[in-house]
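Trainee: I'd like to learn how to read the inside of a protein model. Could we work through one together?

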Amino acid sequence: MEKKSLAYHETMETHEVLNLNTVSLLKSKLMQGLCFDNDLKALMEKNVHQSIAAINELKEFYKGARTNYIE
């Protein structure tokens, strides 16, 4: 069976979305320590869990990424 891989533009877009989710995760995690409002803290915790889930899902796509350019 042939190994399925992402096209180059799909690899780049997956990388960009992965970076966006990673930054979102780090920002929410950092801001939780500075926040005193419990509702806002709960919202940030929900964002953390959603970001972790999205990152884990994107990692599966990224396994098929093309990282070298050979014709």
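**Reading the core**

Mentor: Happily! In this predicted model, the largest nonpolar core has five residues: L18, L25, V48, I55 and L58. Both helices contribute, with α1 (8–32) and α2 (38–62) each giving at least two residues to this core. The largest share, three residues, is from α2.

Trainee: What is the general idea behind such a core?

Mentor: Nonpolar side chains tend to be buried together in soluble globular proteins. Here, buried residues account for 23% of the 71 residues in the protein.

Trainee: Let me try one residue. Is V48 buried or exposed?

Mentor: The cut-off for buried is under 20% relative accessible area. V48 has a relative accessible area of 3%, so V48 is buried. V48 lies in helix α2.

Trainee: Which residues does V48 touch, not counting those up to four places away in sequence?

Mentor: V48 touches L25, S28, K29 and Q32. For I55, again leaving aside neighbours within four places in sequence, the contacts are L18, N21, T22 and L25.

Trainee: How do I read a distance between C-alpha atoms?

Mentor: Set it beside the separation along the chain. V48 and N21 are 27 residues apart along the chain, and their C-alpha atoms are separated by 9.4 Å.

Trainee: And what about the protein as a whole?

Mentor: Start with the elements: there are two helices and zero strands. Of the contacts between residues at least 6 apart in sequence, 67% join residues at least 24 apart. Then look at the surface: the protein exposes about 5,900 Å², and carbon and sulfur atoms supply 61% of that.

Conventions: Residues are numbered from 1 along each chain as its sequence is written. This is a predicted model: local features need pLDDT of at least 70, side-chain atom pairs count only at pLDDT 80 or more; totals for chains, interfaces and linings use all residues. Side-chain values use heavy atoms; hydrogens and water are left out. Helices (H or I, at least four residues) and strands (E, at least two) are DSSP runs, numbered from the N terminus. Buried means under 20% relative accessible area, exposed over 50%, partly exposed in between (1.4 Å probe, protein chains only). Contact means heavy atoms within 4.5 Å. Accessible areas come from the Shrake-Rupley method with a 1.4 Å probe; for residues, only the protein chains shown count as cover. A nonpolar core is a set of buried Ala, Val, Leu, Ile, Met, Phe, Trp, Tyr and Cys residues joined through side-chain atoms within 4.5 Å.
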